[in-house]
Amino acid sequence: APEDADAETLAISDARNTQEIDPFSNNISNLTYPGSEMEPVTLGKSALQALDPQDVIICRWSKPLRYHYYKNLMSDVPITHCQHCNKLFHTDDFILQVLQKGHCPFCRTAAPHITDTQD
């Protein structure tokens, strides 16, 4: 039909390509099925290095425990990490508590020692 020549189309990429590009989004999309559970995403060193550092939170545990890396999937929601207890907080809530009480709301470590010093 002649009107089909002017029609707009939407091409949806193959699901296998999505897994290779962003394993986090693929993991979340699998939660829509009944009975499905969130599975940890395991990345190699090169894949971790490719991530935006602003979206990665590193919880450094003492030995023999291993470091845990978390990705903030909602980058428009800022997250603050207490280095002492490795708890994560919404930045606005955390700042309010630190300004009011002078310490981490969970472990009560004094303010100068609780956050990452990286810019």
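Student: Why is there no bond between the sulfur of cysteine 85 and the closest cysteine sulfur, in cysteine 82?

Tutor: Keep in mind that this model is predicted. Here the sulfur of cysteine 85 sits 3.6 Å from the one in cysteine 82. To be called a disulfide, the two sulfur atoms must be within 2.5 Å, so at 3.6 Å the pair is too far for a bond.

Student: And what about cysteine 59, how far is its sulfur from the closest cysteine sulfur?

Tutor: For cysteine 59, the closest cysteine sulfur belongs to cysteine 85, and the distance is 9.1 Å. Set that against the 2.5 Å cut-off, and you can see why this pair is too far for a bond as well.

Student: Then how many disulfides does the structure hold?

Tutor: Zero.

Student: Is cysteine 59 buried or exposed, and how do you know?

Tutor: Its relative accessibility is 1%. Buried means under 20%, so cysteine 59 gets that label. Cysteine 85 has 12%, which is also under 20%, so cysteine 85 counts as buried too.

Student: Where does asparagine 72 lie?

Tutor: You'll find asparagine 72 in the loop between β2 (68-71) and β3 (79-81). It's a loop residue, but its relative accessible area is 15%. Because that is under 20%, asparagine 72 is called buried.

Student: What lies 3.1 Å from a polar atom of the side chain of asparagine 72?

Tutor: The backbone nitrogen of methionine 74 does. Leaving aside neighbours within four places in sequence, asparagine 72 is also in contact with Asp55, Val77 and Ile79.

Student: What is special about phi of asparagine 86?

Tutor: Phi there is near 60 degrees, a positive value, and the residue is something other than glycine. Asparagine 86 belongs to the loop between β3 and β4 (88-90). With 9% relative accessibility, under the 20% limit, asparagine 86 counts as buried.

Student: Is arginine 108 buried or exposed?

Tutor: Exposed: arginine 108 has a relative accessible area of 62%, and exposed means over 50%, so the label follows. Arginine 108 isn't a glycine either, yet its phi is positive, about 65 degrees. Look for arginine 108 in the segment after α4 (91-101).

Student: One last thing: which peptide bond is cis, from lysine 63 to what?

Tutor: To proline 64, and omega of that cis bond is near 15 degrees. Proline 64 itself lies in the loop between β1 (56-59) and β2.

Definitions and conventions. Residues numbered from 1 in each chain as written. Predicted model: local features only at pLDDT ≥ 70, side-chain atom pairs only at ≥ 80, totals over all residues. Heavy atoms only, no water. Buried < 20%, exposed > 50% of the residue type's maximum accessible area, 1.4 Å probe, protein only. Helix = DSSP H or I, 4+ residues; strand = E, 2+ residues; numbered from the N terminus. Polar contact = N/O pair within 3.5 Å; in protein donor to acceptor, adjacent residues only side chain to side chain. Contact = heavy atoms within 4.5 Å.
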